[in-house]
Structure formats: structure tokens, C-alpha cells
Amino acid sequence: MPQTAPDQSHIRNLANAIRFLALDAVQAAKSGHPGLPLGMADVATVLFSRFLKFNPAQPHWPDRDRFVLSAGHGSMLLYALLHLTGYTDMTLDELKHFRRVGSRTAGHPEYGHATGIETTTGPLGQGITNAVGMAMAERHLAARFGSDLVDHKTYVIASDGDLEEGISHEAISLAGHYRLKNLIVLWDDNSITIDGATSLSTSVNMDQRFKSAGWITDNCNGHDAADVFRALSAAQSAGGPVMIACRTVIGFGMPGREGTQKAHSDAPGEDVVAGTRKQLGWEWPPFVIPDDLANQWRAIGKQGESEFNDWTARKSASNKAQEFDDAIGGVLPPSLAAGLVALKQKIVSEKTDGATRKLSEKALDVINAETKLTIGGSADLTPSNNTKTKNIEPITPADFSGRYLHYGIREHGMAAAMNGMALHGGVIPYGGTFMVFSDYCRPSIRLAALMGAHTIFVMTHDSIGVGEDGPTHQPIEQLAALRAIPGLLVMRPADGVETAECWQIAMQSNSNPSLLALSRQDTILARDSHTADNLSARGAYVLREAPGAKLTLLATGTEVGLALAARDSLMKDGIATRVVSMPCWALFEQQPAEYQRMVLGAPDTARLAIEAACPLGWDRYLGQKGAFLGMHGFGASGPVKDVYAHFGITVEVAVQMAKDLLK
Ligand SMILES: Cc1ncc(C[n+]2csc(CCOP(=O)(O)OP(=O)(O)O)c2C)c(N)n1
Ligand SMILES: [Mg+2]
């Protein structure tokens with residue numbers, strides 16, 4: 001660790017390189033947010049030059065420190081830092097094309113667009129919560145592999161907005177409880193948001209707020225290099241998460257704008273840009289960094305090389321090297337798929353039925369035994385979500401070697417923290433709550449999909465089948481709303497076999513998130529013969545064929561059993577009826593058109609879709625002669641059977657609707 005405080009004018013010069021790249025890029029784009037980059041440039045420079053462990057030549061180094069710009073609107077701060085420190089994909093040209101289609105420099109940092117961007121930020125509060133997950137993953141992997149291989153920190157720059165967002169409460173209390181000593185938050189304490197002074201809308205004592213959650217707090221003058229250095233030095237050996245309030249001036253150096261909300265966003269205009277050059281003594285034209293400064297920044301980018309080499313040597317010498325690489329690579333043993341196939345076979349031969357949430361626990365039993373990558377959890381619904389298998393132990397503040405997290409009643413925080421874990425790598429997070437509360441996770445689920453994060457959301461109690469808990473607990477529009485998120489695999493398995501198949505898909509789909517919608521109430525075994533083949537992977541498939549059928553019943557989850565019963569009745573009446581199970585629309589949409597046509601049946605045949613949820617989206621599968629049996633409003637409280645009967649989601653109604661369709 002560096003011992004001597006940095007020189008103020010040295011840091012200021014380096015920071016001004018960030019400031020003018022940011023200002024010139026915003027001015028060139030005629031849009032963007034100069035306030036944060038100008039305000040936090042000094043803090044970021046001390047962090048990157050004296051503390052952050054990183055190596056631009058090895059951006060995926062697993063033991064690098066993670067840097068999260070939670071206040072994603074300040075994206076130019078990050079882009080400038082990546083460029084200056086020598087990330088080869090962040091060229092000067094990219095900065096010149098800030099906010100242009102196809103550039104790596106989108107309006108907010110986008111995960112995957114450039115190396116060094118650890119997560120997508122922009123929706124305030126997400127980044128700091130991702131960071132909690134990253135720090136959690138680090139602690140767990142350090143417990144598993146030892147500090148020789150895993151010993152890094154997660155640094156966050158969070159703005160007033162990040163800390164006003166409700167999700168930050170969940171993040172802060174989670175991190176404090178688990179005493180994540182590897183997490184350091186730098187709060188851009190500039191007392192300004194878009195509407196004006198923060199005093200317009202908040203009177204929280206941030207120091208006390210963090211302290212009460214178990215954090216160590218400090219503050220510094222964010223424009224005094226020695227003071228920032230002092231606070232960051234002290235944070236290195238803290239016994240818990242650290243929040244440093246960095247007092248800064250938003251838009252530092254912009255005449256007429258600094259210190260006010262006018263600095264937050266928008267290109268300030270050529271006059272103000274020129275005035276800023278004057279005020280900060282910066283004499284270089286747009287996008288020009290003098291050689292000596294550029295070289296100093298490049299040297300900062302090379303500081304981590306020797307640490308990287310030392311780490312590589314330690315890893316090579318470690319008897320855990322292969323296991324570590326496999327964990328970071330997310331490699332699943334072949335025995336996992338084989339175990340799930342064996343489970344399917346057992347379910348069929350023993351004719352196992354039951355609630356899919358419980359059958360999901362059986363699949364997880366296999367998964368958690370076959371791989372150490374999974375970290376399960378629940379937002380305080382463990383006995384209902386069936387997410388904790390007997391073969392894994394909880395993670396505790398004193399022992400991170402476990403693989404189960406009690407997230408508390410923090411659905412949103414759980415979802416965003418899981419994204420952080422997935423992005424960190426080395427673990428595959430899954431976590432549960434009630435399906436109806438997927439709404440409480442939705443912004444994070446959306447970001448998981450946008451980033452292609454390997455996060456698995458377990459949503460149980462997936463319909464009016466929750467019965468007596470009533471309409472507040474009965475998801476209606478959630479399935480449709482979740483299916484609308486591009487890239488999210490929403491899976492609603494019908495029985496134990498499909499549940500095992502959907503888990504296999506979720507485990508293997510490592511570049512997109514999955515969501516399992518699981519029932520509270522019992523299902524019947526729909527798949528009466530065993531196939532090693534994963535039929536759910538096609539999204540939909542013919543569960544029961546009927547030669548010459550003029551009618552197909554389409555259903556998902558618990559309603560597949562209903563469809564099968566309706567089919568029995570129709571067949572008795574001499575009506576040849578097919579049943580199609582559709583566990584995952586998104587995967588079905590990826591199948592060849594020919595397969596889709598085959599599954600859905602000829603265009604002139606009738607189709608009845610049955611799902612105890614709202615009809616939105618089903619019309620695309622109903623064809624010319626179709627109908628939908630499901631929900632058209634909120635649910636009602638009562639025993640499951642009565643609730644289904646009340647809304648007419650019954651075998652009798654299905655049979656009658658089918659017959660009407662054939663008239
Ligand atoms: C969830 C969410 N709500 C609203 C916004 C729009 N927004 C962007 S920045 C911001 C607040 C700006 O204040 P602060 O966070 O203190 O940043 P500063 O202006 O100090 O850079 C808002 C409301 C957002 N990005 N995310
Ligand atoms: Mg602010």
C-alpha cells in the first residue's frame with residue numbers, strides 16, 4: 001500500500017485530463033453529464049493512481065478490484081479513466097463518438113460494450129447494490145480458495161440519487177449485516193441533484209444512516225488529494241464496509257455552473273467550455289492530452305502488472321488452480337446434466353407428482369451436490385420457495401464458505417446483488433420470492449437481461465393457485481410482463497420432469513438470466529414416459545398427440561394438468577385433441593418456423609390456450625380459430641379449488657369452450 005500522500009498539484013493535473021476529456025466529449029455530443037466527472041475527477045484520480053488494483057492489459061483478471069460507477073450518468077468519468085489508463089478498446093475515437101449509435105461510449109456505462117465496465121449503471125441505486133453482490137462473491141470465493149487467489153475490494157462511486165433510491169437501503173443494510181469489509185463506497189456528497197439543492201427533498205443524516213447499518217464512515221474534502229488519500233488509506237484495513245462522504249463541487253471549474261444543478265447535465269456551450277479551460281489553466285485543444293500527462297496516466301495503468309504477475313505465479317503454484325479456473329469459467333461438470341436426467345427418470349418411474357416449487361428443490365438437490373458454483377437464497381421465504389437444500393449451509397458474517405444467503409425481506413436488493421455476483425464470476429446465484437413480488441425485483445431483472453447476466457430468479461406461488469392469501473398475493477399480469485423483457489427466459493414447468501429440464505436450461509444458459517415460475521399447489525405428472533432429451537429446451541412441444549385432431553390445447557405450468565383432464569373428457573366424446581405444453585415462450589420463438597407450425601397445429605384447426613394469468617400475449621398463438629381460458633382481472637381469496645372454480649378455470653369450462661370452438 002502507498003505510504004506517502006500524493007501531491008495536490010500532481011493529482012489536479014491528472015484529474016484535469018479526465019475533466020477535459022469528459023467536457024469535450026459532452027460538448028461534442030451536445031448531450032451528457034459533465035457535473036459528476038468534473039466533481040469527482042480528483043477522488044477518482046487518487047483511487048486509480050494509489051489504491052485500485054487493476055491491469056488494463058488483463059481486464060478479466062479475476063482478482064482485480066472492481067470499480068462500480070453507480071452514478072452511471074457520470075459515464076464520461078469512467079470512459080476517460082479507461083482511455084487514460086490504457087484499456088485498448090477505449091480509444092480516443094470512442095470518446096469522440098460519445099453517445100453515438102455503435103460506439104462503446106453509450107450515454108451510461110453498458111456492461112459488455114467495453115472492458116473495464118463491470119456493470120451497467122444508469123438506473124440509480126443499482127450499481128451500489130450490484131457492488132454488494134460483487135463483494136459477497138469475493139468473500140465467498142476467498143473462503144473457498146484462500147486469499148492467495150482471491151483478495152480484492154469493490155469500490156463504488158455513488159451519488160445523492162443512488163443513496164436516495166429505496167434499493168440503497170436494502171444494499172446498505174445487507175452489506176452492513178454481512179460486514180463486507182472489502183466494500184468501499186465513495187459518496188459524491190455535492191448536495192445537488194437535478195431539481196436543485198438536496199435540501200429540497202432530503203434531510204437524512206447519511207453518516208448516521210450508514211453507521212446504524214453497521215458501516216464504518218468517514219468524510220473528506222473531495223478536492224484535497226491528501227485528504228482523499230487519508231480516508232482511502234484508513235478504509236483499507238477496516239473491519240466492515242466503509243462509506244466515505246467526499247465533499248465535492250459538482251461541475252468543478254465550470255464558470256457560472258459549478259456548485260449548481262446547472263452543472264449536472266447538458267453540453268454547457270463553447271463559452272463555458274472555454275471559461276473552464278481558463279479557470280483550470282488547461283491550454284490544450286479538445287481531446288488533446290499533453291504527452292507527459294498521457295504518459296503518467298499510462299504508467300498508472302501499468303502499476304498493477306507486477307501484482308498481476310505475482311498472482312499468476314501464485315495461481316500456477318496452487319493445487320486449486322484448475323478448480324479456480326473452472327469456477328471463474330462457470331464450468332459445470334457433465335455429472336450435473338446426467339444427474340438431472342437420472343432425476344427425470346426417477347420421477348417418471350416413481351410417478352412423483354406435487355408442487356413444482358417442491359420438485360424444484362429436488363432438482364436443486366442434484367445441482368447443489370454436483371457443482372459448488374451455486375449460491376442460493378431467498379428474500380425471507382425459504383420454506384415457501386424451497387430454495388435451501390440440505391446439502392448447503394448458510395453464509396454468515398463470520399463464515400462466508402456457505403452457499404445460502406438469507407437476504408431478508410429485500411427482494412429488490414436480492415435481485416441486484418445476485419446480478420453483481422453473476423457479473424463478478426465464480427458463482428451462479430439463484431434466489432427466490434413470491435412470483436407476485438417479482439414486481440419488486442423487476443428493475444434488476446430487466447438489467448440482468450440487458451447485461452446477459454447469469455442470474456436465476458426463482459418465483460414460486462405463481463398464480464391464483466396460492467388460494468387463501470388472496471389477490472395481493474396472486475400474480476395475474478406478472479407472467480406477461482416478464483415475458484416482455486427481451487432475453488429473459490421465463491419458464492413455467494408443468495411437472496417434476498419439466499422442472500428438472502428448466503433447471504438444466506437455467507444452469508446452462510450462461511449469457512442470459514432465467515426465471516422459473518413455480519407452483520404452490522400440486523401438479524400431476526404430465527410426462528408419463530422418460531426421455532433423456534430436454535423437451536422443454538424447445539420451449540413448447542406436443543405432450544399428447546391425437547391423429548386427425550382438429551383441436552389443440554395449449555397450456556403452461558399447473559394448467560397443463562387441467563388440459564390433460566379436458567383432453568380425456570373430449571376424447572371420450574370422440575373429439576381427437578392434442579395437448580401442447582409451453583414451458584418457455586422465448587425458447588419456442590427461437591425454434592424454426594416449421595417446428596413452431598408443427599407444434600401449434602394446422603392453421604385451420606382450433607386452439608384453446610389455458611393459463612391462470614392474464615391473456616396478454618396469447619393471441620399470437622391462438623390462430624384463426626382460438627380462445628383463451630384464464631384470468632381477466634385480479635384474483636380472490638379462498639381455497640385453491642374454489643378460486644379456480646370461481647373464475648371458471650375448470651375442466652368443464654375448458655371442454656365446453658373447446659366444443660364451442662369446433663362448432
Ligand atoms: C432510478 C432513476 N431515477 C431517475 C433517474 C434520472 N436521474 C439521473 S441523475 C439524477 C439525480 C442527480 O442527482 P445526483 O444523483 O446527486 O447526481 P449529481 O447531479 O450530483 O451528479 C436523476 C434523478 C435515474 N437515472 N435513475
Ligand atoms: Mg448530487
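Let us begin at Ile192, where a backbone N or O atom lies 2.9 Å from an oxygen atom of ligand 1; a polar contact here is a pair of N or O atoms within 3.5 Å. The protein buries 74% of the 580 Å² that ligand 1 exposes when taken alone, with accessible areas from the Shrake-Rupley method and a 1.4 Å probe.

I should state that this is a predicted model, in which local features need pLDDT of at least 70, side-chain atom pairs count only at pLDDT 80 or more, and totals for chains, interfaces and linings use all residues. Residues are numbered from 1 along each chain as its sequence is written, chains are lettered from A and ligands numbered from 1 in the order in which they are written, and side-chain values use heavy atoms, without hydrogens and water.

Gly161 also places a backbone N or O atom 2.7 Å from an oxygen atom of ligand 1. At Gly122, a polar backbone atom is 2.8 Å from a nitrogen atom of the ligand. In total, 15 residues surround ligand 1, that is, with a heavy atom within 4 Å.

I turn now to the metal. Which protein donors hold the magnesium ion, ligand 2? They are Asp160 (OD), Asn190 (OD1) and Ile192 (O), at 2.1 to 2.2 Å; donors are N, O and S atoms within 2.8 Å of the metal (3.2 Å for Na, K and Ca), and water is not among the atoms, so sites may look incomplete. Asp160 and Asn190 are 30 residues apart and link distant parts of the chain. Both Asp160 and Asn190 are buried, meaning under 20% relative accessible area (1.4 Å probe, protein chains only).

Conventions:
A polar contact is a pair of N or O atoms within 3.5 Å; within protein, one must be able to donate a hydrogen and the other to accept it, and residues adjacent in sequence count only if both atoms are side-chain atoms. Helices (H or I, at least four residues) and strands (E, at least two) are DSSP runs, numbered from the N terminus. Buried means under 20% relative accessible area, exposed over 50%, partly exposed in between (1.4 Å probe, protein chains only).
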